[in-house]
Amino acid sequence: MQSCCACLLQMRTTRKVSVWPVGLVGGRRYERPVVENGKVVGWYTGWRADRPFAIDMAGFAVSLQVILSHPKAVFKRRGSQPGMQESDFLKQITTVEELEPKANNCTKVLVWHTRTEKVNLANEPKYHLDTVNIEV
């Protein structure tokens, strides 16, 4: 429960769009934005790292002010390629450079993508390739 509360507290400080790691997603133990000098510079992901925003729905928050200032922005339920819904939405309201990293510069997993099925870690690399050590 502590990590859930910590994530909620951090969401409250979102000025525009904030991001953080998500555990048990994309066939990996976690996926996360890669942060250097307080800015998102890439994505540690197991699937389609070439996406403009290679992030899970559970890995970002949007300020209400941003939603209100972009009334034509929509989250497409249909019409997006598989796995592109997040990118298609976020491209309408922000840029990667404007993202606000949370969770200690995206080095702590505070949110898990859970289902009522066995976890699939098919995309987990054979050798740990991330530049930070994250406990999941």
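**Exercise 1. Work out the strand order and pairing of the open sheet of 3 strands.**

Step 1. Start with the order: the open sheet runs S2-S3-S4, and its pairing is antiparallel. Strands here are DSSP runs of E with at least two residues, helices are runs of H or I with at least four, and both are numbered from the N terminus. Two strands pair if DSSP finds at least two bridges between them.

Step 2. Now find the edges: S2 (22–25) and S4 (39–44) each pair on one side only. From one strand to the next, the twist averages 35°. That angle lies between N-to-C directions, on a scale from 0 to 180 degrees, with axes fitted to C-alpha atoms.

Step 3. Zoom in on S3 and S4: 5 bridges join this antiparallel pair. Pro 33 sits opposite Trp 43 in S4.

A word on the model: it is predicted, so local features need pLDDT of at least 70 and side-chain atom pairs pLDDT 80 or more, while totals for chains, interfaces and linings use all residues. Numbering starts from 1 along each chain as its sequence is written, and side-chain values use heavy atoms, without hydrogens or water.

**Exercise 2. Find the opposite charge nearest to Arg 28 and decide whether there is a salt bridge.**

Step 1. Place the residue: Arg 28 belongs to strand S3 (residues 28–36).

Step 2. Check the charge partner. Arg 28 is buried, and the nearest side chain of opposite charge is Glu 124, 4.8 Å away. Buried means under 20% relative accessible area, exposed over 50%, and partly exposed in between (1.4 Å probe, protein chains only). Lys and Arg count as positive, Asp and Glu as negative; His and chain ends are left out.

Step 3. Apply the cut-off: a salt bridge needs a Lys or Arg side-chain nitrogen within 4 Å of an Asp or Glu carboxyl oxygen. Arg 28 has none.

Step 4. Look at who touches Arg 28: beyond four places in sequence, its contacts include Tyr 44, Asn 120 and Glu 124. Contact means heavy atoms within 4.5 Å.

**Exercise 3. Is Glu 86 buried or exposed?**

Step 1. Glu 86 lies in helix H3 (residues 85–90). It counts as buried because its relative accessibility is 7%.

Step 2. Setting aside neighbours within four places, Glu 86 contacts Ile 55, Asp 56, Met 57, Phe 60 and Phe 75.

Step 3. UniProt, in an unreviewed entry, puts the feature "active site" at Glu 86. Such annotations may be inferred rather than shown by experiment.
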